[in-house]
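Biologist: Please take one short helix of this model and describe it closely, with its cover and the places that follow from that cover.

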Amino acid sequence: MTNKDTHYTLIFIGRTGTGKSSLCNGISGSNKFVESDSGKSETSEPQSAESIHFGVRVTVVDTPGIMDTSVNSDEAKSKSLREMYQAISLCPASGKRAIILVLKYSDRFTDENRKCIYIAEKIFGEDFLGKCCIILFTHGDLFDTNNKKVKITFEEWCRREQGELKTLFRKCKNRILLFRKNDEDLEMNEKQIESLLEMTDTLDESYTNEKFEVAKRKHKRLRLESILPTLLTNYTKRLNSIQGEIEKRLYQDQTMEELLAFKVEANKIDHDLSVEDDGVFYEAGESSLFHEPKSRAEQILDQIQNRLLNKLNLLLTIPLDKMKRETENCKNIQEVDKLEENSNNLFKSFLKYGLVIGEDNISIDFESNVINLQNDDLRRFQNVIEMINKLKETLIEKRKKLILDQRKKEMRSKLKSHGIDLNSISDTDFGVDTPTKIKKEISELHETLKKSESMKSLLEEAEELEQKATEKIQKCKKNKIIMILDVASTVTLGAAGALSGFASASASGIAKGISRAAVAGAVRVGIERIRRT
């Protein structure tokens, strides 16, 4: 024998009672595999053994019977697939792999055979018969006995077969062997093994790890198909339950916590469906087995997400509108400061939902994004951004107005205070220092008011006070002059009396010409002129 590979792995599959375990014992030269001629499988899980033939390693893997008659059809599918996982995991990573479909000569091709082939195709792929499978008939001694008289060869017998066996042979490209059991005839056993290895070399493809991965997916597909009605019923109940709760509260004011609880449940259903569907084999373009419940779960999630976004929008717009109205009615700066603080706290409170509300935009904090917000969702908050900007503008304008009002109030208060101070100056006062000081301060206020467009309403009042202060100053100056003249008049009259007395005493000619009445009259005329001016 000329070996193309240094390691062969033979995976034996077939119905229970076909003689797989006996074949594995014969090839491996061991008694590791439990043999049974009954309809019940003696092999409970895959087993493997290795031996040397013709200088190469040969690993045989025995599997429990596909379509084990001790379990029903659906259980058999699932059981066979699980066991085939184990069987393939026993295969060495390198070398040539062949799948040996074991049939018992003289057995009729029954419905169980059909199911066995069907499951094998689901496990190993629809093309496994043509690419990596060999059909091996056991009980070759029965063939010899049955065909002793007609002297027909096994190859001729295969060519004469009709019906489903013929179709099966054609699919397998006529890679068919007949094994006889004779523990005493070692030479015959070696020749049978040699023919098996040589036929393995003719396979179109080895059963690769990639095929194994596809097999796993097909395994899961078959397992799901066997329990799919029950799974779909359970998922429908779960989806109906959450849909019913959502619709029952359609017109109620739901809290964020309630909506998030719905989302958690819907996400769990969606996740469970994804786990069920993960790794399942599908033909190109084929829909998922869970297409309908997954579509419903996604619709429910979209519905919940829309409600969450609407709720978030309301939780922002309602207080923003209220804050804007409250800002417009603020009576002092402290109230504005408090509202600004409240708005900042409001924005911070939405960080727990994944919303970052800045001065000019809204973004997503993906670390705290419990709602699973997407960038496209931010378009739903454009009205919120506009309201935030309006609130900000209102706060700024209100703050300016209140500051201006406060300054006006302070200015008006100062003007009023100066007016009171001016009024407190008596019409008989003659001191100019106080009204001069008041006028200076009023003038400074006047200059300040002229520089501010918003303060011009106080200009007229300031100008009036400034004029009043000027008049007070002038009045005080006049009073001072009058006082001086009054004093002078008194002094003059006193002097006139003294002169008169002196004139009488001295009989001076000049003193005689001056009379006391004339002097007093002149003084009074002078004072009156000052008053009129």
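Modeller: Gly29, just after helix α1, takes a positive phi of about 65°. The model is a predicted one, in which local features need pLDDT of at least 70 and side-chain atom pairs count only at pLDDT 80 or more, while totals for chains, interfaces and linings use all residues. Residues are numbered from 1 along each chain as its sequence is written, and side-chain values use heavy atoms, with hydrogens and water left out.

Helix α1 covers residues 20-28, and it is largely enclosed by the rest of the structure because eight of its nine residues are buried. Helices (H or I, at least four residues) and strands (E, at least two) are DSSP runs, numbered from the N terminus. Buried means under 20% relative accessible area, exposed over 50%, and partly exposed in between, with a 1.4 Å probe and protein chains only. The buried residues are Lys20, Ser21, Ser22, Leu23, Cys24, Asn25, Ile27 and Ser28. Their cover includes the strands β1 (7-13), β2, β3, β4 (96-104) and β5, together with helix α8.

Ser28 belongs to α1 and is buried at a relative accessible area of 11%. Its side chain makes a polar contact of 2.8 Å with the side chain of Ser30. A polar contact is a pair of N or O atoms within 3.5 Å; within protein, one must be able to donate a hydrogen and the other to accept it, and residues adjacent in sequence count only if both atoms are side-chain atoms. Leaving aside neighbours within four places in sequence, Ser28 is in contact (heavy atoms within 4.5 Å) with Phe33, Ala49, Ser51 and Val60.

Two of the covering strands, β2 (47-53) and β3 (56-62), are joined by a loop that holds Phe54. Phe54 is not a glycine, yet has a positive phi of about 60°; at 32% relative accessibility, this residue is partly exposed. Another covering strand, β5 (133-138), is followed by the loop to α5 (140-146), and His139 lies in that loop. His139, also not a glycine, has a positive phi of about 60°. His139 is partly exposed, with a relative accessible area of 24%.

The remaining link is α8. Helix α8 (186-201) supplies at least two residues to the lining of the second largest pocket, as do α6 (154-160), α7 (163-171) and β6 (176-178). This pocket holds about 380 Å³ of space. Its lining has 15 residues, of which Phe154, Glu155, Cys158, Asn174 and Ile176 are the closest to its centre. On a 1 Å grid over the protein atoms alone, a pocket is an open set of points where a 1.4 Å probe fits, with protein on both sides within 12 Å along at least five of seven lines; lining residues have an atom within 4 Å of a point. Grid points are joined across faces, edges and corners, and the volume is the space filled by probe spheres set on the points. Helix α6 gives the largest share of the lining, four residues. By class, the lining has seven nonpolar, three polar and five charged residues; Ala, Val, Leu, Ile, Met, Phe, Trp, Tyr, Cys and Pro count as nonpolar, Asp, Glu, Lys and Arg as charged, and the others, Gly among them, as polar.

As background, the chain has 17 helices and eight strands, and buried residues make up 41% of its 533 residues.
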